[in-house]
Amino acid sequence: MANEYLKKINRFRILVMGRANAGKTTILQRVCNSTDKPEIFDGKGNKSDIVQGALARGYHDIQNELVFQSNPGFVFHDSCGFEAGSTQQFDQMKQFVADHAVTTRVNERIHAIWFCIPMTDSHRTVTAAEQKFFNECDTGHVPVIVLVTKVDALYLTAIRELLDGGLTIGEAKARATEKQGELLDKWLGHVKHELKMCKFPPKGYVSLQKMHQEDGDCTLLMECTANVLNEEGLQRLLISTQQSSIGICVKYAVNRTLWHYMSLGLKDRLQVDVKHLEADLLSWFPNCENVSQFVIC
């Protein structure tokens with residue numbers, strides 16, 4: 001069943017949401033192992049002449065596709081922040097989700113939504129905009145994952161609070177990392193508490209640090225997203241598309257495929273087609289046609 005579904009789709013499509021300056025583009029660059037800006041295509045697949053500066057100033061069209069040359073297997077849609085209270089922008093986003101969650105054109109379906117909440121303004125983690133989205137936007141079977149972004153900003157907050165508590169600068173720096181972790185736990189707990197009371201709460205949460213560094217690790221984001229997907233076919237597509245960690249590929253190949261075969265009775269295991277098992281395992285890996293030398297003997 002999973003393989004049948006995979007035959008119909010060839011790219012993993014994600015709607016990225018959140019207020020301005022939430023670090024969305026930086027996260028997408030880390031996910032796609034790129035320092036370049038994405039190419040932009042309109043809803044018909046034509047390359048757009050929109051310049052990145054225009055996007056940075058908030059000129060968004062949610063229908064546009066953002067694709068990185070380093071990993072064209074991902075397609076992103078960027079929803080401009082609607083924290084200013086624009087009913088029109090919110091309604092456009094809501095209609096986009098409704099249309100692309102169930103469209104019969106399977107290659108245009110969105111498979112996950114990443115909602116970014118930055119820690120640069122930790123006292124405003126859950127604003128009216130977040131409340132509005134999670135109370136009014138039913139995403140159906142498309143899971144929403146909250147990304148707590150710019151966690152590194154809590155380091156300076158930690159230093160400040162420790163200094164206010166009477167520590168010297170040296171003592172504050174020595175305890176800053178521990179304090180930063182405490183602050184993250186506090187604010188993440190607050191976000192979860194607020195959003196779980198909403199009508200349509202998120203399916204998962206992940207905090208991201210050091211995304212501004214080229215070696216920023218997106219492994220937790222990939223795992224969290226895969227774990228909330230409701231179809232194995234989509235899990236395979238995501239895991240084989242991501243380039244964050246080969247370890248994730250191994251983990252899912254073992255836990256989802258090899259474990260299934262090992263749980264069969266002795267008679268059934270002896271009847272397993274080795275080539276089929278090989279293809280089944282390799283489908284969790286990127287460019288599996290290039291790694292067919294790893295034949296299971």
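Before I turn to any residue, let me fix one term: a residue is called partly exposed when its relative accessible area falls between the two limits, with buried meaning under 20% and exposed meaning over 50%. Please also keep in mind throughout that what we have in front of us is a predicted model.

With that term in hand, let us begin with E136, which has a relative accessibility of 37% and therefore counts as partly exposed. The side chain of E136 takes part in a salt bridge with K132, and the closest N and O atoms of this pair are 3.3 Å apart. Where do E136 and K132 lie? Both of them belong to helix α5, which covers residues 128–136, and they are 4 residues apart, which is about one turn of the helix. K132, for its part, is also partly exposed, at a relative accessible area of 28%.

Let me now set two further pairs beside that one. R124 and D121 form a salt bridge whose closest N and O atoms are 3.0 Å apart; R124 is partly exposed, with a relative accessible area of 42%, and D121 is partly exposed as well, at 29% relative accessibility. In the other pair, E108 meets R105 through their side chains, with 2.9 Å from N to O. Are E108 and R105 buried, partly exposed or exposed? E108 is partly exposed, with a relative accessible area of 26%, whereas R105, at 51% relative accessibility, counts as exposed, because the cut-off for that word is over 50%.

Salt bridges can also join into a network, and here R11, R13 and E65 are linked in this way. How many salt bridges does a search of the whole structure find? The search finds 14 of them.

I would like to move from charged side chains to nonpolar ones. As a general point, nonpolar side chains in soluble globular proteins tend to be buried together. In this model, the largest nonpolar core has 41 residues, and those touching the most other members are V31, F74, F76, W114, L147 and L221. Helix α10, residues 246–262, supplies the largest share of this core, namely 5 residues. Apart from this core there is another, of 31 residues, which includes L15, I117, V126 and A158.

Finally, let us look at W114 and ask which residues it contacts once its neighbours within four places in sequence are left aside. Among them are V31, F76, L147 and L221, and the contacts of W114 also include I14, L15, V16, M17 and T225.

Definitions and conventions:
Residues numbered from 1 in each chain as written. Predicted model: local features only at pLDDT ≥ 70, side-chain atom pairs only at ≥ 80, totals over all residues. Heavy atoms only, no water. Salt bridge = Lys/Arg side-chain N within 4 Å of Asp/Glu carboxyl O. Buried < 20%, exposed > 50% of the residue type's maximum accessible area, 1.4 Å probe, protein only. Helix = DSSP H or I, 4+ residues; strand = E, 2+ residues; numbered from the N terminus. Core = buried A, V, L, I, M, F, W, Y, C linked by side-chain atoms within 4.5 Å. Contact = heavy atoms within 4.5 Å.
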